[in-house]
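Got your viewer open? Let's take a walk through this chain, one selection at a time.

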Amino acid sequence: MRIESNPPKNKWPELCQRPQMELEYLDSSVKNILARVKKSGDEALKELTKQFDQVHLNQLQVTDEEVKKAIEEVPEHLKNAIRAAASNITKFHAAQKKDDLQVETQPGVTCWRKGVAIQKVGIYIPGGSAPLFSTVLMLAIPAKLAGCEEVILCTPPDKDGKINSAILFAASITGVKRIFKVGGAQAIAAMAYGTVTIPAVNKIFGPGNQFVTKAKQLIDQEGTAIDMPAGPSEVLVIADESANPSYIAADLLSQAEHGADSQVVLVTLTKSIVEATQKELTQQVTKLPRLEVAQQALKNSLAIVFNSSTTLIDYVNEYAPEHLIINTTDCDSIAEKIINAGSIFLGPYSPESVGDYASGTNHTLPTNGYAKAYSGVSLDSFMKYITIQKLTKEGLNALGPVVEEMAEAEQLRGHAEAVRVRRI
């Protein structure tokens, strides 16, 4: 773990950098994948699946029989855990529903906003060595609550051409029926452009590696909406002398095991906490099945010791972490001062893992500093809002002169006439 002591602000941009690939290589590779899928559709998807996932597929869509078999394979105790998580996620997102609110801005002029579900959405579920069935719950549940007409799910197959059984079980309990064995940037391309097998959607959701993130950014520029730029996972922990170093290390490793390009950061006012945490990291990392992945991520880990709480908080807001754990005695007051973070976890008994799985909040969150401008996924992410206004004759007669005056001043006489003709 790299250690910095009270770095000056001119060094902060460097300390806020996340690990990433050579941008030119990443950009050209993803553009090539998008172009191939746009041109050749299903055939390109099969070729790319063979190239990246080492499996030849005759059929891209998961069959009903495959789903039925997968459900039978999931142990009952895991099914119960998934159902419990789904219940909490449903409660939290259902509470986000809003009633239409009508406002009479002046007599005879009424305005309101109507919420409408996005018709077609695509959800991307990372697979491979860590199939994230929890992400199915995080995306499919709010899509269902919002009332989306069609939900398309893409996730990469394993080397036997199968989808993780828990992913298919999670899809079944959330009502997702159209599931496709496609991963990576090619999955994003398929949902953006559409193929013979996979329909195009209006908006794409889901986290992924740097290829997936870049693909989402590129198709967003072409007109398909995305949830946010959600790339490799990250966590920042604020700890004081009251924090248990074993808890801190466990929290850092829970993100480090996501991928070699994940980043974990510890900030504190107490240097001894850093030293104790390093010892715990060394011991705990050896117990992880994903040891090599976690060790690679730890090479990019960072610990910063500040000499003032104000400076520490300023740095955290500049870093804008995806996950922020505040393991301090005054965690609630610190949280009030945080303005840039995807999701916050307060106190010693709120590990980031609970948000990833079952507390109820959504784990699809902005990374790479995008928490400065983006929120995590919510019910609103699956909806759009249409503003409506209705005027009576009296209302237009009262408001009309204001509109006419402004339109004439902007030299848009047609706007003024559209009002004037009604007032004659």
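Before we start, one term: two strands count as paired if DSSP finds at least two bridges between them. Also keep in mind that what you're looking at is a predicted model.

**Stop 1: the whole chain.** Show everything as a cartoon. You'll find 17 helices and 14 strands, and the C-alpha trace spans about 85 × 60 × 45 Å along its principal axes. Of the 424 residues, 49% count as buried. Now think about contacts with a separation of 6 or more: 73% of them link residues 24 or more positions apart.

**Stop 2: a three-strand sheet.** Select residues 103-106, which are strand S2, then 109-117 for strand S3, and 383-391 for strand S14. Together these 3 strands make an open sheet, ordered S2-S3-S14, with antiparallel pairing. Strands S2 and S14 are the edges, each pairing on one side only. Neighbouring strands here are turned by 30° against each other on average, direction ignored. As a general point, strands of a sheet pair through backbone hydrogen bonds.

**Stop 3: the hairpin.** Zoom in on S2 and S3, which form a hairpin with 2 residues between them. Click Gly108 in the turn: its phi is positive, about 85°. Next, pick Gln106, whose bridge partner in S3 is Val109. How many bridges join S2 and S3? The pair is held in the antiparallel sense over 3 bridges.

**Stop 4: S3 against S14.** Slide over to the other side of S3. S3 and S14 pair over 9 bridges, again in the antiparallel sense. Two spots to label: Trp112 stands opposite Ile388 in S14, and Ala117 stands opposite Met383 in S14.

**Stop 5: the helix across the sheet.** Add residues 393-409, helix H16. What does H16 lie across? It lies across S2, S3 and S14, running at about 90° to S14.

**Stop 6: a pocket.** Switch to a surface view and look for the second largest pocket, which holds about 320 Å³ of space. To get there, select Gln20, Gln210, Thr213, Pro232 and Asn368, the lining residues nearest its centre. The full lining has 20 residues: 6 nonpolar, 10 polar and 4 charged. Color helix H2 (23-40) and helix H9 (210-221), since each supplies at least two lining residues. Which element gives the largest share of the lining? That's H9, with 4 residues.

Conventions. Residues numbered from 1 in each chain as written. Predicted model: local features only at pLDDT ≥ 70, side-chain atom pairs only at ≥ 80, totals over all residues. Heavy atoms only, no water. Axes fitted to C-alpha atoms, helices over the stretch in contact; angles between N-to-C directions. Contact = heavy atoms within 4.5 Å. 1 Å grid on protein atoms, 1.4 Å probe; cavity = no way out; pocket = protein on both sides within 12 Å on 5 of 7 lines; lining within 4 Å. Points joined across faces, edges and corners; volume = space filled by probe spheres on them. Nonpolar A, V, L, I, M, F, W, Y, C, P; charged D, E, K, R; others polar. Buried < 20%, exposed > 50% of the residue type's maximum accessible area, 1.4 Å probe, protein only.
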